[in-house]
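Colleague: Thanks for making time for this one. Could you walk me through the model, one feature after another?

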Amino acid sequence: MSVFTRPALAGLPGDRTAAREIASSAVTALSAVLVLFALLAPNDLDALAPEAFVRLPVEALLGVAVVLMLRDGARRIVAVSAGAILGTLTVFKAIDIGFGLALNRRFNPVFDWGVLGNGVDLLGTSIGRAGAIASFAGLTLLAMVVIVLMALAVLRLSRVVAGRRTASTRVTAVLSVAWMVCAVSGAQLAPGQPLASRSAVAFAYDDLRQVRAGIRDRQAFTEEVAVDAFRDTPASGLLNALRGKDVLFTFIESYGRVAVQDSDIAPKVDAVLDAGTARLKNAGYGSRSAFLTSPTTSAGSWLAHSTFQSGVWVDSQHRYDDFVKTDRFTLGGAFKRAGWETVGVVPAHTEDWPEGKVYGYDRYYDSRNIGYHGPPFSYATMPDQFTLSAFQRAERDRNRPPLMAEIDLVTSHWPWTPLPRTVDWAAVGDGSIYNPMPSQGKTPEEVFTDPAKVRGAYGDSIAYSLNSLISYVETYGDDDLVLVFLGDHQPNPIVAGAGADRDVPITVVTRDKAVLDKVAGWKWQDGLHPDRNAPVWRMDTFRDRFLTTFAR
């Protein structure tokens, strides 16, 4: 026999068949793993543990039962459709995890797509606009791949089930009995992880319920906005106890309860507040502090601003979108009707903001017209000290009627590094003094390798914002200044912790004893530093209490 006709060579076709069978089995196994992962994976990062995947999903049992009842054509259609739906749910779970980390809440599949766009803008401040768009495009492509792969995986498993009807029927019957026993007994490997799983169905139902609730909420919000005790109040009935005062409502980005209480951050910030109380007292100022419960947490500053100004609870993007289309009577509108000039200072804005007209500002400053010629500090387009200095030069240093302004300070916005340094107010100028500072500070990449460093950077940024504001009052304050400063929301869970409340500090500062006497009935605490016993109001109650207190 020739060496070219050995049995080993003759056996190659069999080897190929065996290899194909192994490859086919591997693909089937991978398909099963992919589908089980999709059915069992939680939408909460804290629940993403090994025991979450050692469960029996009822959806898989029902899927097999449906496949066994269908003919080939219908089976393929149902399998592909079910796989695409399962892939979509998997993508939504991943988005939920991202929303949980960034916003401490779930993603709403109808109303939250605009928030994803805001996320691209935020990411662009760290990696550039082009990089952010490329990242978003990559994630979109990945989502589409997941949906296609899931459809193919379910289709393949349906073929396996249909090709082994007897075995599939028996296994499904046994596992169904096991599922019912586990469901009735409540068996679980870990708390909150029942062996009898129906998490995919529950997740889909929760999403549908969330959509339905959102639709109903729009009607409820329309009714809330329509009820307004102050809408028709004449100028003579508004803000008489503040006549002649410059009233500044100043938001400090991410200034939440965690900054002043029960955290490793609080000692540093509390020291700034306590020292600031003493400094302002020496300059003749009194102050009172409490907490407001914000409608949002981690992000969504515009929801807090609109709630504070309007006196209605704006806790979602769809409520905000509806609010800016109304003529709701805002604090800005009240001051304007009563004869104040009204100003908005929003340095984070880099584009037109037509919806801002709802606040009734006579003038509006953003990053494009405030005169800043220095560098950005990550997300922050300019340091808070420059924002306050520019406002002072443009508005308070001229001859004019009393002013009401909302001023948004953004240095304490994520990622909280690098930070500017405080400079002499006379040296602020056009902001070019800040040019070398970003490169002298820590980069976000350096800080975000360690949660302790992240919390430290957050505390440093809050301390900077507070010191800037306290120094502003010392330098430019007078007998006619009334300052109300507050946080918009708590920082994200990396800093605030999972399950943190939504409370933010709020403080009134003035030299005028009559103004402080007016707010005595609020029972706020003396000084800049509210402690755990300070009153807590919902943020939407502030407008009516403020207008009522200072009406006469």
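Modeller: Happy to! One definition before we start: helices are DSSP runs of H or I with at least four residues, numbered from the N terminus. Please also keep in mind that this is a predicted model.

Colleague: Good to know. Which helix gives the largest share of the nonpolar patch?

Modeller: The patch covers about 830 Å² of surface and is made by Leu34, Leu139, Leu141, Leu142, Met144, Val145, Val148, Leu149 and Leu152. One of these, Leu142, lies in helix H6. With residues 129-163 as its range and 8 residues given to the patch, the helix you are after is H6.

Colleague: And the second largest pocket: how many charged residues are in its lining?

Modeller: That pocket holds about 1000 Å³ of space. Of its 39 lining residues, Val35, Glu59, Ala60, Gly63 and Val64 are the closest to the centre. Among the elements that give two or more residues to the lining are helix H2 (12-40), helix H4 (72-103) and H6. By class, the lining has 29 nonpolar residues and 6 polar ones, and the charged residues number 4.

Colleague: Moving on to the enclosed space, what is the volume of the largest cavity?

Modeller: The count comes to 1 cavity of 30 Å³ or more. Its lining includes Phe377, Tyr379, His413, Trp414, Pro415, Thr417 and Pro418, and divides into 8 nonpolar, 4 polar and no charged residues. The volume is about 30 Å³.

Colleague: Two prolines in that list caught my eye. What is omega for the peptide bond that joins Thr417 and Pro418?

Modeller: In general, most peptide bonds are trans. Here, Trp414 and Pro415 are joined by a cis bond with omega of about 10°, and Pro415 lies in the loop between strand E9 (403-409) and helix H14 (437-440). Pro418 lies in the loop between E9 and H14 too. The bond from Thr417 to Pro418 is also cis, with omega of about -5°.

Colleague: Now the backbone of Ser298: is this residue buried or exposed?

Modeller: Ser298 has a positive phi of about 75° although it is not a glycine, and its place is in the loop between strand E6 (286-293) and helix H10 (301-310). Its relative accessible area is 11%. Since the cut-off for buried is under 20%, Ser298 counts as buried.

Colleague: Last one: is Lys523 buried or exposed?

Modeller: Lys523, not a glycine either, has a positive phi of about 60° and lies in the loop between helix H18 (513-518) and strand E12 (525-526). Because its relative accessible area is 64% and the cut-off is over 50%, Lys523 is exposed.

Terms used: Residues numbered from 1 in each chain as written. Predicted model: local features only at pLDDT ≥ 70, side-chain atom pairs only at ≥ 80, totals over all residues. Heavy atoms only, no water. Patch = residues over 30% accessible without salt bridge, like charges linked within 9 Å, V, L, I, M, F, W, Y side chains within 5 Å. Areas by Shrake-Rupley, 256 points an atom, 1.4 Å probe, with all protein chains shown as cover. Salt bridge = Lys/Arg side-chain N within 4 Å of Asp/Glu carboxyl O. 1 Å grid on protein atoms, 1.4 Å probe; cavity = no way out; pocket = protein on both sides within 12 Å on 5 of 7 lines; lining within 4 Å. Points joined across faces, edges and corners; volume = space filled by probe spheres on them. Nonpolar A, V, L, I, M, F, W, Y, C, P; charged D, E, K, R; others polar. Buried < 20%, exposed > 50% of the residue type's maximum accessible area, 1.4 Å probe, protein only.
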